[in-house]
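Work through these exercises with the structure open. Each task comes with a stepwise solution.

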Amino acid sequence: MIRVVLPAHLRTLARVNGEVSLDVAGEPTLVSVLNALEALYPVLRGTIRDQVTQERRPFVRYFACAEDYSHEPTGTLLPAEVVAGKEPFLIVGAMSGG
Amino acid sequence: MSGVRVLVGTRKGAFVLTADGKRERWDITGPHFGGWEMYHLKGSPVDPSRIYASQSTGWFGQLIQRSNDGGKTWEPVGNKFEYATVPGTHQWYDGTPHPWKFARVWHLEPSLTDPDTVYAGVEDAALFRSTDGAQTWEELPGLREHGSGPHWQPGAGGLCLHTIILDAQHPNRIVIAISAAGAFRSDDAGKTWKPINYGLRSEHIPDPNAEVGHCVHHIAMHPSRPDSLFMQKHWDVMRSDNAGDSWKEVSGNLPTDFGFAIDVHAHEPETVYVVPIKSDSEHFVPDGKLRVYRSRTGGNEWEPLSKGLPQSDCYVNVLRDAMSVDSLDKCGVYFGTSGGQVYASADAGESWNSIVRDLPGVLSVEVQTLK
């Protein structure tokens with residue numbers, strides 16, 4: 001199971017508390033985790049990445065194991081600690097606005 | 001027992017204000033969707049329990065919410081707004097071509113006949129329609145593909161389609177307005193469109209009388225006289241008596257004819273309300289006084305309405321979708337301010353009371369008259 005931490009607004013929208021756990025089919029890449037997340041919580045479609053272009057929203061960031069994965073290709077494999085469930089995959093609303 | 005339900009969209013959530021027909025004691029619920037920008041909420045005239053709401057943030061994009069119980073509970077519905085054809089470019093602020101890109105829904109207009117049909121005016125400017133209760137959306141591309149599209153440029157708030165007027169007497173007629181392209185009308189249910197800006201004059205564009213390029217802020221219509229349209233333009237209050245084919249200025253004795261909101265009395269088609277704003281560079285009411293201006297002559301002759309409104313040290317704005325009327329007798333008039341106040345008049349503007357004073361900045365106010 002892959003653990004995912006959502007920003008507060010998206011937790012409210014998805015009606016979840018704390019982390020969510022995902023079964024990810026195939027290789028655990030950025031895109032497969034996002035696909036699994038949106039399949040489990042359809043309300044999140046369009047909130048993390050644009051529904052038409054599939055581009056990450058500019059003020060959303062992806063962190064894992066203290067590394068920034070926001071600008072990595074979507075086929076990038078997540079680190080082993082995340083795949084093993086020892087570390088969460090973080091979806092973060094960028095800090096902006098003062 | 002009759003009553004009213006006021007749907008308030010703010011920069012940080014939505015609020016639902018309800019009262020009986022006396023409109024004296026109010027019940028306030030919210031924030032719904034706390035922390036999100038609620039650009040607009042509007043109920044179906046066919047089924048008042050059906051309400052649509054536009055929810056967005058710069059972080060997480062656009063959502064649409066739907067209520068089937070008058071705003072008590074909500075469910076997210078479809079939020080995929082995909083242009084029907086390759087969008088191409090419009091003008092950017094500096095005059096260069098800029099790719100068309102969906103940003104948000106500014107206005108939701110439920111059908112006059114079917115609670116499952118609703119129109120959405122979006123940024124970058126386009127008109128979408130859903131016929132399944134907002135689960136899926138389809139663009140009516142004839143508007144965006146009107147030949148003038150590449151010349152449209154955004155207003156300060158973006159290239160937004162913010163006004164949608166449906167007409168029960170002419171079911172195929174739709175009037176829309178875009179900042180800063182102007183007003184357009186379709187007479188074939190949205191297939192084809194024509195600009196309806198003849199008579200508008202805007203000094204901020206190279207040709208002040210151009211066919212498109214006017215920063216129309218809002219348009220209002222009385223359902224009994226659909227050919228009469230009242231417009232608050234960037235500067236100038238205008239009226240048309242031929243469904244927008246031509247316009248004449250009716251600013252008359254207003255202290256300033258800049259503003260955003262405009263509406264028409266529910267029972268008097270020649271009674272119009274505006275809230276003059278000082279200027280395009282100072283978006284607050286003039287002289288520190290919050291005054292609604294009313295014309296009972298269809299424009300030109302305006303009277304200030306200030307009883308119960310702050311008359312000193314007040315520097316708020318009233319945005320384009322933040323004024324509405326109910327259809328009780330006497331007509332109720334409502335508006336919300338950038339300072340978070342929602343004011344109501346139960347006597348057609350003669351006197352005002354604040355329903356609530358400390359909400360986040362108000363983006364939209366819509367009223368449902370409940371029988």
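The exercises below go from chain B as a whole to its sheets and then to the cores.

This is a predicted model, in which local features need pLDDT of at least 70, side-chain atom pairs count only at pLDDT 80 or more, and totals for chains, interfaces and linings use all residues. Residues are numbered from 1 along each chain as its sequence is written, while chains are lettered from A and ligands numbered from 1 in the order in which they are written.

**Exercise 1.** Count the helices and strands of chain B, then judge its compactness.

Step 1. Helices (H or I, at least four residues) and strands (E, at least two) are DSSP runs, numbered from the N terminus. Chain B has zero helices and 30 strands.

Step 2. Its radius of gyration, taken over C-alpha atoms, is 19 Å. The globule rule (2.2 Å times the number of residues to the power 0.38) gives 21 Å for 371 residues. The two values are close, so chain B is as compact as a globular protein of that length.

Step 3. Check the extent: the C-alpha trace of chain B spans about 50 × 45 × 40 Å along its principal axes.

**Exercise 2.** Trace the sheet that holds β1 of chain B.

Step 1. Strands pair if DSSP finds at least two bridges between them. The order is β3-β2-β1-β30 in chain B, an open antiparallel sheet of four strands.

Step 2. Find the edges. β3 (27-32) and β30 (362-370) of chain B each pair on one side only.

Step 3. Zoom in. Eight bridges join β1 (residues 3-10) to β2 (residues 13-20) in chain B. B:G3 has B:D20 as its bridge partner.

**Exercise 3.** Do likewise for the sheet with β19 of chain B.

Step 1. Four strands run in the order β18-β19-β20-β21 of chain B, again open and antiparallel.

Step 2. The edge strands are β18 (216-221) and β21 (248-249) of chain B.

Step 3. Four bridges link β19 (residues 229-233) to β20 (residues 237-240) in chain B. Here B:F230 stands opposite B:R239.

**Exercise 4.** Which residues have the most contacts inside the largest nonpolar core?

Step 1. A nonpolar core is a set of buried Ala, Val, Leu, Ile, Met, Phe, Trp, Tyr and Cys residues joined through C-beta atoms within 7 Å. Buried means 20 or more other C-beta atoms within 10 Å of a residue's own, with C-beta atoms placed from the backbone.

Step 2. The largest core has 111 residues, and B:V8, B:I176, B:I219, B:A261, B:Y334 and B:V342 have the most contacts inside it.

Step 3. A second, separate core of 23 residues includes A:I2, A:L30, A:I91 and B:F60.

Note on methods: Buried ≥ 20, exposed ≤ 12 C-beta atoms within 10 Å, placed from the backbone.
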